Structure formats: structure tokens, C-alpha cells
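Reader: I'm a first-year student and I'd love a close look at one part of this structure. Could you take me to the place where the two chains touch, and then show me around from there?

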Amino acid sequence: MSLVEVTDLTVGFGELRAVDGLSFRLERGAALALVGESGSGKSTVASALLGLHRGTGAYVGGAVEVAGIDVQRASDDELRRLRGARAAMVFQDPLSSLDPYYAIGDQIAEVYRVHTRASRRAARARAVEVLDRVGIPDAGRRSRARPHEFSGGMRQRALIAMALACEPDLLIADEPTTALDVTVQAQILDLLHTLREETGMGLLLVTHDVGVAAGSVDEILVMRHGRVVEHGPVATVLGTPAQPYTRELLNAVPRVDGPGGPRPRVDGPGMPRPRVDGPPAAVGGTASVTASGGGASVAASGASAGTGAGTASGASSGTRPGTASGVAAGAAVEEAPSAAVVLEAVGLRREFGRGKRAFAAVDDVSLTVRRGETLGIVGESGSGKTTLGRMLVGLLEPTAGHISPGGGVRPDVQMVFQDPVSSLNPRRSVGESIADPLRARGERDEGGIRERVRELLERVGLEGAHYDRYPHEFSGGQRQRVGIARALAADPRVIVCDEPVSALDVTTQAQVVALLGELRRELGLALVFVAHDLAVVRQVSDQVAVMRGGRIVEYGPVDEVYESPRDPYTRQLLAAVPALDPAVAAARRATRRAARQQLAAV
Amino acid sequence: MSGFMGNGSTGNGFAGFVLRRAVGVLVTLLAISVIIYVVFYVTPGNVAQITCGPRCSPAQVQQVADQLRLDDPLYVRYWHFLEGLVAGQDYSTGTAVQHCPAPCLGLSYQSDQQVTELILTKLPVSLSLVFGSMVMWLILGVGTGVLSAWRRGRLSERVLTGVTLVGVATPVFVIGLVLMIVVCGELELLPFPQYVNLTDDPEQWAWNLLLPWLSLALIEAAAFARLTRSSMLETLAEDHIRTFRAYGVGERSVIGRHALRGAFAPVIALNANNVGSAVGGAVLTETLFGLPGIGRELVHAVDVVDLPVVVGMVLVVGFFVVIANALADVLYAVADRRVVLA
């Protein structure tokens, strides 16, 4: 008997069919990934396995059997006994998924007691045991902490501990690492892998990230519009995808391990930038080395695996659309132009808080942005990259250091924000939002403003007639285009993009990245591209700065930094990026594990 | 070592919080008193004539005006008021000199009674009414709110929502009158209420206050029910509620343990406001049930332009509003450790 057997599952919310006739099975101890973009219905399937749609008014058809229980027909009590005990779920956002008011250990103990009738004391002991099991240091003491006292990675470990408490047969992980930094993501995925090996539980992994799936499961099921697109062993589906959609999805995934993506290159038509051969653009004078010795050995070996991956997936990258126009990756860097410097920052520092609590979010950062060039700024959360971006635009005053051309909010430096939903006023038409910078500049001729906004809308791939529409009428990608149009309205020379594509699906992400490249080429713009995603940054940047703890640890031409990173932290970051090739992913995992054991032995 | 430092700093944080709050209370109260003085100063009407009575001759009126120092400029009168508050004051009442110890809020223009004493006789009545009623409205309101959030969309929820709507819309004198006519008049379950001091006879105190409590609570409970319901529904939609449902925790636990605690913050805030303002604002309830509380006295004092009484009572009411809100802030911080007391 299979652990999970889903037959012809259909889930509808009113008119919408989120899942449409889906069937699959998962054997005991096996691992399956549901992969798809947002709206594909993958999370809906995960919820259906635990009968979570019951009582929500959703229509659920077909048959779902989990650990021998018919989820559709089970009574509420039977269902409660399934949830958490036989099949446990780990959610995407570990902060909001834990109750902020109770200690973490108490929350785990509560779940344990629901299923075992254990005494309070025994349940508490079990909570500490599982917290220890998932690698929370000093679990006894930390179990009394509340969720906000944990870091993102520790919270996710705590949720996994909750899932482990009753030793379930099935673990359902719904985007378990999406909210986490890449190095933490690698740790959590490794943890899931180890737990699976040791407990023999089955894993259903729901993710939008093909890379995350590649290293974690045996089988992969690609979903779109609630249906199966392709289903098979992970190596087959990712190596030789049979369906066009799977290929499209794979092609859209930006890769960290090799150049040649649809990287917007400099030699398009109307390229205004004069090119002069010369030495590489100024390398930040402050690049310094900070990393613990232990981390370094992990990183070093991981990086060599990464280079292997580069060759492995080289073939598939060649088939990507848009590569034809791409010049060899290094080209732009080698002809590193002494084009006009449009933005220069020297010794930037920004402190928050006062007195003893003061800390520097950005510390002694210098950089140069030239016309027509993209500077990528990459780092994990808390590295100071957003603070830096805001200082470059003039939204924050630096505590020390200076930016030239300087002074207040600079109209020739504009910003594109991360969240295209919250950065547009929902009560004003998009045309009005785009017109704001024009009006701020003193433009008063209504006809002229409307005309210019129409031009901008068309420029970013929308229609001029969209002027009077409101943000909710657009998709995420379209809204980000509106955000870009608004930034363009002020005729900037530099656009700072703060995580411009991190809220978007991969295929949409690729389109927005392509648009930014096109604009840069045609308008001679310089871009500062702030992101946590190493692959995207590699795809778009000429120069890249790696940030950690408010400082730039490595700064230089993108291919140089990615292919021969000098800083141990950069190497560690690159080793943590999930590989698309399952074999490579396994190799990297082994490397990381060896490094950890080495560390533990010391 | 680090633990010691940590404790020290949180201690300072809390003491600092209380200190800042206390200063805030003082400043607010001073501002209130200035405003009242100015308002009364610019209000038309001859205070001396009203105080003396309609039959006084102009000479008598002038005498009263001299005695009350009504001809002094505004700032001088206000300064006297502050002096009395801090150091006490001697008042000549025509024949004798009366000493009013600090904190002296002055003498009533009407009765020559010391305002501080007057307030001390009225305050227990108002506090009895408000705090007893508060217990009822919290139980009724939060209970109804939780129930209707739980039963959302079902018939029982619609009935509850309807009842609370009626509650919000009904004036207290209607509910109070109906209660009195039915309970005391028709059924003769209780005697018509008459205030008895808590210290004199606790049992009689409670029985006599039962109807006033209930009628005030019914009105207030309606607002609490609606607030609790919407706040519960918001919390129930949060991710951590989903977590516990997905782990097989029963609905009773999910609602009682996890959702209610999250939904409580706005309830605490509303309660602080209502308790504070009901101390001086439950005029209708006090009048209806013949309770000699602050609210009634305040309305009367405004009628006869008895400035010292008005100022004193408004300050006391203001004090309770501000204190109730400060307490709510502390409760917030206790309920949710993420709130930093800064």
C-alpha cells in the first residue's frame, strides 16, 4: 500500500479550479516534489492531503488516501489523528507559522500531547529532544524562547521539530526554504535529507524552485494550472524534459554556475556607449576578508563542486532563448569601459540607533557605477544591501562618506522596489503613479504628462490605454513593469533596483530581467541591481559586490567573482546555491556534510 | 555577566517607561486644567450672579465676586489653583477661614465644600459602578464575540450579531428603564436600587448595583462583541492558526488558546478607553438609578458654572482615562513580549 495515493483530485474555490484531475502516488520512504509557478495549485494539493480544505467552502473531488486513511471520508476526529501524527506539515514562513505568544517548546509539547496523552512534563521533554534533534544548540534553554527570539533558520528548524515530534510517516514541506537565505536554505535541505535517511519517512516537497527540488527528491511532478505537466524521476525530468513547459521553466531558471543566460549585452542597436579598452573598472578599495576558518574549508571544497556543475549544465544553457544575441560572457568586463562615472560612493557608512545600541548597517563601502553598466550587489538578509541601495537613491542620509553627484534625493537616480504590490498606491491609477515624478519635477501640462506616461507604458511593454487602470488589475510582473515605468519617468541616469524580481515567478522574472537589460542598452542607463539571488545577479551584472555584515567582502567583474572567488564567504555562498543537476546536488551535499563532520571533530 | 547587564538594562527600560508615562500624565492633566480655565473664562454669563442666586442685589453679587476673586485676571486665578494643589490654601468664607490641605482643588462656589472632599464622596460610587460593570461587559462582550467568530456564517452567529446591533443602538435609559420596570416593578425580584456603601454592607452593595451594572454592561458589551469578533476573524486567518489546525489540535484549543490571545490587544485598548471615560461619563446610568456618582455631580456643576468643582472632577476623570491607557500599554507588553516598552 502506498503512503499517499491521490486519484483524480479536483479542488475548486468558487469558479476557480485550483487543482484539476490530479493523480499521483508516493511510496513509503520516497520523496516527491510538486513543482510549479504561483497559481499552479501545488500548495492546494498539499493542503488537500491533510484535509485542510474541509470547512473552508472549497469543493474537493476525487480520492485522497494518506497512510491508509481516506481523507475525503474520514470523520473530523480521524482527520485530527492523521494531522501531525501520521502526516505532518512544514510551512513556508516559519515566523508567522508559529504562535508569537507561546514558547517554542510549549507549542511543540502541545502538539505532542494532542496525539499521545503524554504528561505535560513528558511532552516538554519530548519537545526538547526533537529541538535537539534538528540541531538547535542548547535546546533545553532555547525551548523556552518565543519565536521572535529565533533566527529564520532556527524557526524553520523548530517547525521541523514540531513535525518530527510524533514520528510521522509523511512529511509535507510547503516551500520550506523560500523565506530563508541561501546558506540557511542549504542547511535546512540537508537536515530534511538526513532526517529522511534516518527515520524513513516519506517527503512531499512543494516548491517553486527547481533547484531546491533537484537535490532533495527522487521524483518530480511539474504542475501548471492545476494539472500534471510532467511526472517522472528527477534526473529524467530535469535532464531530458519531454514537455515544452518544463523546458520553458528550466530555461527561465537563472544559473549561477555558468554565464550565457539571456544576459542583456551591451552591443544592441542604438548602443550609445563609447567603448574604450582599458583596465577593469575600479575595484572597491575596501574589499576585505572576513570569514571564519571553519566556513572557509566548507566553501572551498563546495566551490570546486560548483565549477563541475558549470560544465555539467553547460549544454542545456546553450538552448536558452536570447543567447544568440549574447556576446561571450566576459566581453563586457574585459572591455571595461572608462565610460562616464554616473554614481560614485566613497566610504559610505550608515548607523542605526544611538549610544550603546548603535550599529552600522553599512560600513565603509565604496563603489563606482558607470554609464551603461550594471552593478550587482548581492548578500544575505541583514548584509546591508538594501540600506546601501536606499542611500544611493538619497532615501537615507549616510552617517559618513559621500556620494557624488550628491545632495538630498537625486532625481537622476531612481528606484524600483521589491514588492510591486505594496509599492504602488492601490487607490490611484497606474498612470497617475507613473506621472508623479513628472509632476514633482514641476510638469503642469496635463496633455503632455498623459502623452509621456503613455510612451513610458509602451516602453515597458504595457499598453498606453492602461493609464486609467488600477494596480489590482495587473499581474505581479506587469506591476513591476509599472514600477519600472515610474522610475523611468524622471529621466534617470541610474536606476537602483532593490530585489526587483524576487517576488516574481521564474518565467516572469526572466521577462523583467530582459526588460531591464533592454532599457539599459537603449537608454544608456546604469543599473544597480540589489538581490539575494546569486544566479539572477550573475545573469544581469557586469560588476558585482558581495556584501556581508555591512561591508563589501568581494568586488569585481562578475565572471571573475563567480568563477574564482577570492573571499571564503563568497565561496560559501556559491556552494550553497542549489544545483539543477541531481548528481551535482548530491555531490555538494556530501561535501557540505563532510565539512560539517570535520568541524564537529575539531 | 552578560545576564546581569541584560537584566539591568531591561529594568531601566521599564522604570524609564513608567517615568515617561508619569510625566506624560502630569503634562496632560495640566493641559486639561488650563483648557477648562480658559473655556470658563471666555464663556459668557455672570458667574457671581449665578452663584449668588437670582434674588441677590448688585452689592451682594459684588461681594460674592470679591470673595471668589472673580475679578482677578485669569493667570492669577490659575496660579492660586496650582498653589492650592501643591501647598494647600486658606479660604475666607465670609465669617470664618477654612483651611484646605493639599492637594486642594479649591472650594465649591455653590456650597463652600472642599472639592477634594466632594470628589472623595462621589468617586467610590462611580468606581463601583464602572468596575463592576466592566467585569460584566468583558464577559458578555468577549464571550459573544468569540462565539460569533467561531460560528461564523451560521444562524446562531447571525442572531448574535443582530442582538449586538440592537445593543449598540439602544440608549441606556431604555434598557435601564425596562430592566427596572420588569425586575423591580413587575417581578419584584429586587428592590428599586439605592446606593449602599461597599464598606457598610458588601452584599447590599452588590444587589443594589446589579441592575446599573447590567444596563451599562449591555450597551458596552455590544461594542466589545463586535470588536472581538472582527479581531478574532483576523487572527483566525493567520498562519500560526493554520499550523495548529494542520497538527490536529482541536478547534476549542485553537480558538481558546491561540486565537483569543492574539485577538485580545484591541480589546484591551478599547477597554482602557471605556473604563476611563465611564468614570465621569456614565451620567445617564447614574441619573436613572439615582447613584450619587461623579457624572451627575459634574453635569450639575457645569449647569451652575461651579468652576472649581468642574476642574476638579474633570481632572479626576482625565486621570483615570490616562492611567487606564497606561495600564493597557503595560498589559500589551505583558501579553505580547515583542512589544518593546520604549
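Author: Happy to; what follows starts where the chains touch and then walks through a few other spots.

Please keep in mind that this is a predicted model. Let's begin with the meeting place: 16 residues of chain B are in contact with 24 residues of chain A. On the chain B side, the elements giving two or more residues are α9 (239-246) and α10 (251-281). Helix α9(B) supplies the largest share of that side, five residues. What kinds of residue make up the side of chain B that touches chain A? They divide into three nonpolar, six polar and seven charged.

Since α9(B) gives that largest share, it deserves a closer look. Which of its residues are buried? They are B:His240, B:Thr243, B:Phe244, B:Arg245 and B:Ala246. Their cover includes β6 (87-90) of chain A, together with α10 of chain B. A helpful idea for reading any such list is that an α-helix has 3.6 residues a turn, so residues three or four places apart point the same way. Just after α9(B) comes B:Gly248, whose phi is positive, near 80°.

Now step back and look at each chain as a whole. Chain B has 342 residues, and 35% of them count as buried. Its secondary structure comes to 13 helices and two strands. The C-alpha atoms of chain B fill a box of roughly 85 × 70 × 40 Å along the principal axes. If you take the contacts in chain B between residues at least 6 apart in sequence, 65% join residues at least 24 apart.

Chain A can be described in a similar way. Here there are 602 residues, with buried ones making up 51%. You will find 22 helices and 19 strands in chain A. Among its contacts with a separation of 6 or more, 73% are between residues 24 or more positions apart.

Next, look inside. The largest nonpolar core has 237 residues, and those with the most contacts inside it are A:Leu49, A:Leu204 and A:Val528. Chain B takes part too: the largest share of this core, 14 residues, comes from its helix α13 (residues 307-335). To see the surroundings of one core residue, try A:Leu204. Leaving out residues up to four places away in sequence, A:Leu204 touches A:Val4, A:Leu26, A:Leu32, A:Leu34, A:Ala46, A:Leu49, A:Leu170 and A:Ile172. Notice A:Leu49 among these partners; you have just met it as one of the core residues with the most contacts.

Two pairs of helices in chain A are worth following by eye. In the first pair, the axes of α6 (residues 152-164) and α7 (residues 182-199) come within 10 Å and cross at roughly 15°. The two are therefore roughly parallel to each other, an angle under 35 degrees being what counts as such. The crossing of α6(A) past α7(A) is right-handed. On the α6(A) side you can pick out A:Gly152, A:Gly153, A:Gln156, A:Arg157, A:Ile160 and A:Leu164, which meet A:Val184, A:Gln187, A:Ile188, A:Leu191 and A:Leu195 of α7(A). Together the residues of this contact divide into six nonpolar, four polar and one charged.

The second pair is α15 (residues 430-440) and α17 (residues 476-488), whose axes come within 7 Å and cross at roughly 30°. So α15(A) and α17(A) are also roughly parallel to each other, and α15(A) passes α17(A) in a right-handed crossing. The contact uses A:Val430, A:Ser433, A:Ile434, A:Asp436 and A:Pro437 from α15(A), with A:Val482, A:Ala485 and A:Arg486 from α17(A). These residues divide into five nonpolar, one polar and two charged.

Let's finish with two single residues. A:Arg146 sits in the loop between α5 (139-142) and α6 of chain A. Is A:Arg146 buried or partly exposed? It counts as partly exposed, because it has 18 C-beta neighbours inside 10 Å, and being buried takes 20 or more. A:Arg146 and A:Ala103 are 43 residues apart in sequence, yet 4.4 Å apart in space, C-alpha to C-alpha.

The other residue is A:Val561, found in helix α20 (residues 558-563) of chain A. With 24 other C-beta atoms within 10 Å, A:Val561 is buried. Beyond its neighbours within four places in sequence, A:Val561 is in contact with A:Val544, A:Val546, A:Glu554, A:Gly556 and A:Thr570. A:Val561 and A:Arg592 are 31 residues apart in sequence and 21 Å apart in space, C-alpha to C-alpha.

How values were computed. Residues numbered from 1 in each chain as written. Chains lettered and ligands numbered in written order. Predicted model: local features only at pLDDT ≥ 70, side-chain atom pairs only at ≥ 80, totals over all residues. Core = buried A, V, L, I, M, F, W, Y, C linked by C-beta atoms within 7 Å. Buried ≥ 20, exposed ≤ 12 C-beta atoms within 10 Å, placed from the backbone. Helix = DSSP H or I, 4+ residues; strand = E, 2+ residues; numbered from the N terminus. Contact = placed C-beta atoms within 7 Å. Axes fitted to C-alpha atoms, helices over the stretch in contact; angles between N-to-C directions. Parallel < 35°, antiparallel > 145°, perpendicular 65-115°, else oblique. Left-handed = near helix turned anticlockwise from the far one by under 90°. Nonpolar A, V, L, I, M, F, W, Y, C, P; charged D, E, K, R; others polar.
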